[in-house]
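Me: I'm new to this one, and I'd like to learn how to read its features. Could you walk me through them step by step?

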Amino acid sequence: MSPTLVIFGIAALAALCIAGLGFAFVGKDDKASKRVASVAGPSRKRGSGLENVEAEATDKRRKQVQETLKTLEQKQKAQQKITLRTRIERAGLQMTARNFYMLSATAGLSLLAILSLSGFSAITAILAGFVGALGLPRWILNFLIKRRQNAFLEEFANAIDVIVRGVKSGLPINDCMRIISNEAAEPVRTEFRDLVEGQKLGVSLDQGLLKVYERMPLAEVNFFQIVLAIQQKSGGNLAEALGNLSKVLRDRKKMRAKIQAVSQEAKSSAAIIGALPPGVMGVLYLTAPDYLMPLLTTRPGNMIIVGGLIWMSIGILVMRKMINFNF
């Protein structure tokens, strides 16, 4: 046998050996990869199944929250009509609409009689009577409503803290509300007392909170109503949710105080500018009445006074719009 054939035979055997070893290692890797895939496949499927369940639960909770918010908005829109009785309840007055109308008529007639007996003209007395019957009582009613709402906001965050501490200690929310109705400051105590008494008569918590929001149309009460409604529908940690709400209410209170402090300079300037013309007129009437009498006794003077009052009213309204912040 020639040496060339021997060399080719050795090379072929070496190539076959190398190919066999490579096939053996590749086969082992394929089998190992198949084994790993068979082991990892079911766990991956199980993991994706858990993720799907969590995603479905999240979507379901989101839908429940959206439905709850939509229901609350529909109920609030249905109760947007504000009657005189509702305004009297918001002011915290114990009277009927009939008594309010009687008091308004009495105030108007009294002012009409006083100005008529004081020597003013009939037109002036009639206009003053209309103001006393229609404008003054409603202004007083709005003032009482605003003052009561401010007092409610001062105490509402503390009332929510009472509920948070009670829920954390194991008390039901109804007992926490009963504590607030007995120990909180006014007008929070009265509102929660009406809520608790309504629940004793069979009124649900949602309906009772809607009544509270009807008497106290504040964003803070709306937040409280939404938190309780969502917790009842979809569950969750009530103490944590109310704790976050209490923090939000206190932050809003701080922001409100900061805005009032920053805008106080503009309000003081507007008050001084608005009070300056009538103040100067009063001083002139006391020191030099003859100099001021033509404005009061002549027709051109009366027209000047009316024009000045109109322009003053426009200026006061513009300044009020500029310094009145909605927050």
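Reply: Happy to. Keep in mind that this is a predicted model. Let's begin with a single residue, Arg256, which counts as buried because its relative accessibility is 16%.

Me: Where does Arg256 sit along the chain?

Reply: Arg256 belongs to helix H9. You can also look at what comes close to a residue in space despite lying far off in sequence. Arg256 and Phe325 are 69 residues apart in sequence, yet their C-alpha atoms are 9.5 Å apart.

Me: Which side chain meets Arg256 in a salt bridge?

Reply: The general idea first: side chains of opposite charge can pair when their charged atoms come close. Here the partner of Arg256 is Glu220, with 3.1 Å from N to O. Glu220 is in helix H8 and Arg256 in helix H9, so this pair ties together parts that are 36 residues apart in sequence.

Me: Is Glu220 buried or exposed?

Reply: Glu220 is buried, because its relative accessibility is 5% and the cut-off for buried is under 20%.

Me: Which residue does Arg252 form a salt bridge with?

Reply: Glu220 again: the closest N and O atoms of Arg252 and Glu220 are 2.9 Å apart. That pair links distant parts of the chain, with Arg252 in helix H9 and Glu220 in helix H8, 32 residues apart. As for cover, Arg252 counts as partly exposed, at 26% relative accessibility.

Me: How many salt bridges does the structure hold?

Reply: There are 12 salt bridges in the structure. One of them joins Lys247 and Asp251, whose closest N and O atoms are 3.3 Å apart. Those two are 4 residues apart in helix H9, so about one helical turn separates them. Lys247 is exposed, with a relative accessible area of 55%, while Asp251 counts as partly exposed at 37%. Salt bridges can also share partners: in that way Arg148, Glu191, Asp194 and Arg215 are joined into one network.

Me: Now for empty space inside. How many cavities of 30 Å³ or more are there?

Reply: The count is 2 cavities of 30 Å³ or more. To read a cavity, check its volume, then see what lines it. The largest cavity has a volume of about 80 Å³. Its lining consists of Leu153, Phe156, Ala157, Glu220, Leu249, Arg250, Arg252, Lys253 and Arg256. The elements giving two or more residues to that lining are helix H4 (122–168) and helix H9 (238–262).

Me: I see Glu220, Arg252 and Arg256 in that lining. Which element gives the largest share?

Reply: That would be H9, with 5 residues. Sorting the lining of the largest cavity by class gives 4 nonpolar, no polar and 5 charged residues.

Me: What lines the second largest cavity?

Reply: Its lining is made up of Phe152, Phe156, Phe192, Leu195, Leu209, Val212, Val221 and Phe224. H4, helix H6 (188–200), helix H7 (205–215) and helix H8 (219–234) are the elements that each give two or more of those residues. By class, the second largest cavity is lined by 8 nonpolar residues, with no polar and no charged ones. Its volume is about 40 Å³.

Me: And on the outside? Which residues make the nonpolar surface patch of about 660 Å²?

Reply: To read a patch like this, look for nonpolar side chains that are open to the surface and gathered together. Here, Val306, Ile310, Trp311, Ile314, Val318 and Met322 make up the patch. Take Ile314 as an example: this residue lies in helix H12, which covers residues 299–323. Ile314 counts as partly exposed, because its relative accessibility is 41% and the range for that class runs between 20% and 50%.

Me: One last feature, the backbone. Which residues does the cis peptide bond join?

Reply: Start with the general idea: most peptide bonds are trans. In this structure a cis peptide bond joins Glu186 and Pro187, with omega at about 0 degrees.

Me: Where should I look for Pro187?

Reply: Go to the loop between helix H5 (173–183) and H6, where Pro187 lies. H6 should ring a bell, as it also gives residues to the lining of the second largest cavity.

Methods: Residues numbered from 1 in each chain as written. Predicted model: local features only at pLDDT ≥ 70, side-chain atom pairs only at ≥ 80, totals over all residues. Heavy atoms only, no water. 1 Å grid on protein atoms, 1.4 Å probe; cavity = no way out; pocket = protein on both sides within 12 Å on 5 of 7 lines; lining within 4 Å. Points joined across faces, edges and corners; volume = space filled by probe spheres on them. Nonpolar A, V, L, I, M, F, W, Y, C, P; charged D, E, K, R; others polar. Patch = residues over 30% accessible without salt bridge, like charges linked within 9 Å, V, L, I, M, F, W, Y side chains within 5 Å. Areas by Shrake-Rupley, 256 points an atom, 1.4 Å probe, with all protein chains shown as cover. Salt bridge = Lys/Arg side-chain N within 4 Å of Asp/Glu carboxyl O. Buried < 20%, exposed > 50% of the residue type's maximum accessible area, 1.4 Å probe, protein only.
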